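Biologist: Got a minute to go through this one with me? Pull it up and I'll fire off questions.

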Amino acid sequence: MATIIFYQKPGCATNARQIQSLQSDGHDVIAQDILKEPWDAEELRGFFGNMPVASWFNRAAARIKSGEVNPDNIDAASALALMVSDPLLIRRPLIDVDGARCAGFDHEPVLSLLGGNAQDDLDGCLHEASRTRCPQT
């Protein structure tokens with residue numbers, strides 16, 4: 001079983017369910033607060049691999065929903081600068097398993113950790129589906 005560094009937003013029900021899923025499969029999860037991590041652009045970039053820039057963003061973030069930030073019209077350097085200054089914009093969770101990194105729960109190495117059986121309902125925001133608001137802290 002793996003030791004997983006899991007960058008989450010504390011209080012996020014979806015992240016809590018994701019952690020539980022990993023732990024149920026026997027993995028050790030070290031949960032970190034994505035909002036308190038001292039991110040720099042280079043380190044953050046390592047989680048996105050070859051994903052399109054627009055996929056790097058948390059589409060449920062208030063600044064995106066309001067139209068203030070448009071992930072579909074932004075370059076990589078600008079995206080990283082925005083995320084370093086406002087980690088709520090980062091797609092969660094960020095996962096690190098022995099240096100293999102990803103953003104979101106639907107990419108490698110997560111799929112292998114779950115035996116290729118990642119549940120579709122573990123990547124989407126529960127608050128979006130129920131039209132409720134996520135705690136902003």
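Modeller: Sure, we can go through the sheet, a helix or two and the salt bridges; keep in mind that this is a predicted model.

Biologist: Let's start with the sheet. What's the strand order?

Modeller: The order is 2-1-3-4, in an open sheet of four strands with mixed pairing.

Biologist: Which strands stand at the edges?

Modeller: Strand 2 (28-33) and strand 4 do. Each has a single partner strand, so one side of each has no neighbour in the sheet. From one strand to the next, the twist averages 20°.

Biologist: And strand 1 with strand 2, parallel or antiparallel?

Modeller: Parallel, over six bridges, with strand 1 covering residues 3-8. If you want a register point, Thr3 has Asp28 in strand 2 as its bridge partner.

Biologist: What does helix 1 touch on the sheet?

Modeller: Helix 1 packs against strand 1 and strand 2, and its direction makes about 175° with that of strand 1.

Biologist: There's an Asn in helix 1, Asn15. Buried or exposed?

Modeller: Asn15 is buried, with a relative accessible area of 2%.

Biologist: OK, what is Asn15 in contact with?

Modeller: Setting aside neighbours within four places in sequence, the contacts of Asn15 are Phe6, Gln8, Lys9, Arg92 and Pro93.

Biologist: Switching to helix 4. Which residues are buried there?

Modeller: Ala79, Leu80, Leu82 and Met83 are. Looking down the axis of helix 4, the buried residues fall within an arc of 160°, so they line one face of the helix.

Biologist: What's exposed on the other side?

Modeller: Ala77 and Ser85 are exposed on that side of helix 4.

Biologist: And what covers the buried residues of helix 4?

Modeller: The cover includes helix 2 and helix 3.

Biologist: What caps the N-terminal end of helix 4?

Modeller: Asp75 does, with a side-chain oxygen 3.1 Å from the backbone nitrogen of Ala77.

Biologist: Now the charges. How many salt bridges does a search of the whole structure find?

Modeller: Six. Among them, Glu43 pairs with Arg101 at 3.9 Å, N to O. I'd note that the cut-off for a salt bridge is 4 Å.

Biologist: Where do those two sit?

Modeller: Glu43 is in helix 2 (residues 41-45) and Arg101 is in strand 4 (residues 100-103), so to speak distant parts of the chain, 58 residues apart. Both ends are partly exposed: Glu43 has a relative accessible area of 24%, and Arg101 has 29%.

Biologist: Which residues are linked with Glu43 in a network?

Modeller: Asp96 and Arg101 are linked with Glu43 in a network of salt bridges.

Biologist: What about Arg63, which residue does it form a salt bridge with?

Modeller: Asp86, with the closest N and O atoms 3.0 Å apart. Arg63 lies in helix 3 (residues 62-65) and Asp86 in the loop between helix 4 (76-85) and strand 3 (94-97), so the pair ties together parts 23 residues apart in sequence. Arg63 counts as partly exposed at 24% relative accessibility, while Asp86 counts as buried at 15%.

Biologist: One more: what does Arg91 meet in a salt bridge?

Modeller: The side chain of Asp106, at 2.9 Å, N to O. Arg91 is in the loop between helix 4 and strand 3, and Asp106 is in the loop between strand 4 and helix 5 (110-113), so this pair ties together parts 15 residues apart in sequence. Arg91 is buried, with a relative accessible area of 14%, whereas Asp106 is partly exposed at 37%.

How values were computed. Residues numbered from 1 in each chain as written. Predicted model: local features only at pLDDT ≥ 70, side-chain atom pairs only at ≥ 80, totals over all residues. Heavy atoms only, no water. Buried < 20%, exposed > 50% of the residue type's maximum accessible area, 1.4 Å probe, protein only. Arc of directions from axis to C-beta. Contact = heavy atoms within 4.5 Å. Polar contact = N/O pair within 3.5 Å; in protein donor to acceptor, adjacent residues only side chain to side chain. Pairing = 2+ DSSP bridges. Axes fitted to C-alpha atoms, helices over the stretch in contact; angles between N-to-C directions.
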